[in-house]
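Visitor: I've got a structure open and I'd like to learn how to read its packing. Can you walk me through it?

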Amino acid sequence: MTYETFLKAAEERIKDFLPESYQNKTVAIESVTKNNGIMLQGFSMRSGKEKESVPVLYLEPFYEEYKRGREMEDIWQELAELYDAAQKKIQDISIPMEYEKIKNNLYVTVCNAEQNSQRLRTIPHDIQEDLALTYHCKVSLFDGQGGDIMVNNQCLNHWGISKEQLRADAWNNMIKMTPPVFFTMEETMGQLEGKYSLEELSQKKSRPIEDTGTDAILYVLTNTEVNSGAVYMFDEELMARIAERLDSSLLILPSSTHEILILRETEDVDVFDLRLMVEEINKDVVRPEDKLSDEVYRYDRATHKLNVIKEQDYLQAWQIKME
């Protein structure tokens with residue numbers, strides 16, 4: 001069964017597994033644009049009412065389960081149960097009317113500005129080099145899951161606040177909600193390989209940056225959830241502390257929207273090779289919706305400025321490499 005056939009089957013069968021209250025609604029397969037212009041398909045149930053709030057359940061993961069051999073009847077049953085639970089919860093995930101009720105759930109993310117240019121037209125954002133900082137609100141979804149709502153220009157108008165206030169509140173709250181964590185690459189690999197207990201991991205995540213070892217070659221900066229943590233590369237106070245700890249200006253590799261890699265700037269570091277490495281990782285490892293940039297960035301310890309390494313810097317590195 002092709003994916004298109006699977007979508008058609010979902011549209012035709014899902015009502016058979018839903019309660020009577022859904023039988024007069026229309027099943028719609030909707031395309032939703034995510035980060036970097038990635039399109040995902042999901043289904044919704046609509047009654048035709050104006051300004052109707054309905055959930056959309058993405059179908060790609062369920063198609064993958066079908067390809068792995070899961071029975072179709074089981075898939076439709078789970079989708080129906082998830083949708084019913086989501087619909088009952090929908091009122092709780094709408095943005096509240098009052099700003100005071102949501103400002104403690106705000107946070108900041110970063111994305112590629114060019115690949116999200118269409119979406120950026122309708123949302124408050126800040127451009128930093130080739131990247132854009134955007135603002136979101138955490139919400140409680142269904143089945144114990146969490147999600148977010150992107151803050152758009154209509155939200156600002158409705159709340160009667162400025163982008164400057166939104167920016168300040170989102171940064172202040174995020175540092176409390178999902179604070180940054182700074183690990184050596186060796187420690188990060190140790191977490192993935194299960195070398196640490198939960199207690200040890202918790203202690204490492206809560207330690208000050210000043211307690212991170214300084215003898216490593218490569219470091220990882222993210223947040224406690226390892227989700228949308230790359231934005232901390234734009235926390236000026238944090239980056240200054242890291243540069244002070246490592247006693248160097250910094251080279252930054254955008255591993256994904258969730259984390260960045262940091263290494264000291266030294267004479268023997270070849271920025272040309274670093275950029276090739278970033279491009280290769282983005283092509284072969286990073287999911288398209290999680291890609292941040294192919295660029296390499298430099299944080300200047302003296303000026304506290306973060307910039308993309310320019311083309312002439314790569315050309316100079318390439319010329320030296322060829323000598």
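Visitor: Which residues does I242 touch, not counting those up to four places away in sequence?

Guide: Keep in mind that this is a predicted model. Here I242 touches F182, I209, L221, L250 and I262.

Visitor: How do I read a cluster like that?

Guide: The general idea: in soluble globular proteins, nonpolar side chains tend to be buried together. In this case, the largest nonpolar core has 43 residues, and L221, I242, I252 and I262 have the most contacts inside it. Helix α9, residues 236-246, supplies the largest share of this core, with five residues. Another core lies apart from it, with 24 residues, including V27, L57, M72 and L82.

Visitor: Now the sheet. In what order do the six strands run?

Guide: Generally, strands of a sheet pair through backbone hydrogen bonds, either parallel or antiparallel. This open sheet reads β8-β9-β11-β10-β12-β13, and the pairing is antiparallel.

Visitor: Why is one side of β8 and of β13 left without a neighbour in the sheet?

Guide: β8 (180-184) and β13 (305-308) are at the edges, and each has a single partner strand, so one side of each has no neighbour there. From one strand to the next, the twist averages 25 degrees. For a close-up, look at β8 and β9 (residues 219-223), which pair over five antiparallel bridges. V181 has T222 in β9 as its bridge partner.

Visitor: Which strands does α9 touch as it packs on the sheet?

Guide: α9 touches β8, β9, β10 (250-253), β11 (260-264) and β12 (297-300), and its direction makes about 120 degrees with that of β10. Helix α10, residues 271-284, lies across β10 and β11 and runs at about 20 degrees to β10.

Note on methods:
Residues numbered from 1 in each chain as written. Predicted model: local features only at pLDDT ≥ 70, side-chain atom pairs only at ≥ 80, totals over all residues. Heavy atoms only, no water. Core = buried A, V, L, I, M, F, W, Y, C linked by side-chain atoms within 4.5 Å. Buried < 20%, exposed > 50% of the residue type's maximum accessible area, 1.4 Å probe, protein only. Helix = DSSP H or I, 4+ residues; strand = E, 2+ residues; numbered from the N terminus. Contact = heavy atoms within 4.5 Å. Pairing = 2+ DSSP bridges. Axes fitted to C-alpha atoms, helices over the stretch in contact; angles between N-to-C directions.
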